[in-house]
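Trainee: Could you take me through one part of this protein up close? I'd like to follow a single helix along and hear what its residues are up to.

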Amino acid sequence: MALFLIVSFSVIYFVRPFWIDMQIEKKMSYIQLHLENKYPDETWEFQIVPHREAGYESSNPYLIGVVFENEPQVVYSYLARNKYDITIQGFSTSDPNSEFLHLE
């Protein structure tokens, strides 16, 4: 039983980062489609949490940051539960006078 537990925890420990990476890629594709439909004439960049690096343990790797080209001072945090359920969970800005052009 102890050997089974050790093997199970080892598999989870080594497989989990790759599983998170696969989920992030899938969620980014959902957000990409959502943004293409909602803002067809705009461009943006994604920012993801470097969950494999020390210091980011408490950050949610499934929150995808989006920075629009015409609003570079604002980062919108999107959460995609599935391809039909995509919401903004928050935003941050370096300019307190921002108009938040993409707040949904």
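**A close look at helix H1**

Mentor: Let's start with Tyr13, which sits in helix H1. Keep in mind that this is a predicted model. Tyr13 is exposed, at 61% relative accessible area. Tyr13 also belongs to a nonpolar surface patch, together with Leu3, Val7, Val11, Phe14, Val15, Trp19 and Met22. Taken together, the patch residues have about 900 Å² of accessible area.

Moving along, we get to Asp21. This residue lies in helix H1 too, and it is partly exposed, with a relative accessible area of 24%. Asp21 makes a salt bridge with Arg52, and their closest N and O atoms are 2.4 Å apart. Arg52 belongs to the loop between strand S1 (44–47) and S2, so this pair ties together parts that are 31 residues apart in sequence. Arg52 is partly exposed as well, at 47% relative accessibility. As background, side chains of opposite charge can pair when their charged atoms come close.

The salt-bridge count for the model is two. Besides the Asp21 pair there is Arg81 with Asp85, where the closest N and O atoms are 3.7 Å apart. Arg81 is partly exposed, with 49% relative accessible area, and Asp85 is partly exposed at 29%. Hold on to those two names, since both come back in a moment.

Next stop is Ile24, again in helix H1. With a relative accessibility of 3%, Ile24 counts as buried. Setting aside neighbours within four places in sequence, its contacts are Ile48, His51, Pro61, Tyr62 and Ile64. If you want a distance to check on screen, try Ile24 to Ile88: they are 64 residues apart in sequence, and their C-alpha atoms are 16 Å apart in space.

Then comes Lys27, also placed in helix H1. Here's the odd bit: Lys27 is buried yet has no salt bridge. The nearest side chain of opposite charge is Asp85, and that is 9.2 Å away, whereas a salt bridge needs the nitrogen within 4 Å of a carboxyl oxygen. Asp85, as we saw, is paired with Arg81. Lys27 does touch Arg81, along with Tyr62 and Ala80, not counting residues up to four places away in sequence.

Further on you reach Ile31. In the largest nonpolar core, which has 15 residues, Ile31 is among those that touch the most other members, along with Leu35, Val66, Phe68 and Tyr78. Helix H1 (2–38) supplies at least two residues of this core, and so does each of strand S2 (63–68), strand S3 (71–82) and strand S4 (85–93). Leaving aside neighbours within four places in sequence, Ile31 is in contact with Phe46, Ile64, Val66, Tyr78, Ala80 and Ile86. Two of those names have turned up before: Ile64 is also a contact of Ile24, and Ala80 is also touched by Lys27.

One last comparison, this time from strand S3, where Glu71 lies. Like Lys27, Glu71 is buried without a salt bridge. Its nearest side chain of opposite charge is Lys38, 13 Å away. Not counting residues up to four places away in sequence, Glu71 touches Tyr76, Glu99, Phe100, Leu101 and His102.

Conventions: Residues are numbered from 1 along each chain as its sequence is written. This is a predicted model: local features need pLDDT of at least 70, side-chain atom pairs count only at pLDDT 80 or more; totals for chains, interfaces and linings use all residues. Side-chain values use heavy atoms; hydrogens and water are left out. A nonpolar core is a set of buried Ala, Val, Leu, Ile, Met, Phe, Trp, Tyr and Cys residues joined through side-chain atoms within 4.5 Å. Buried means under 20% relative accessible area, exposed over 50%, partly exposed in between (1.4 Å probe, protein chains only). Helices (H or I, at least four residues) and strands (E, at least two) are DSSP runs, numbered from the N terminus. Contact means heavy atoms within 4.5 Å. Patches are made of residues with over 30% relative accessible area and no salt bridge: like charges are joined within 9 Å, nonpolar side chains (Val, Leu, Ile, Met, Phe, Trp, Tyr) within 5 Å. Accessible areas come from the Shrake-Rupley method with a 1.4 Å probe; for residues, only the protein chains shown count as cover. Lys and Arg count as positive and Asp and Glu as negative; His and the chain ends are not counted.
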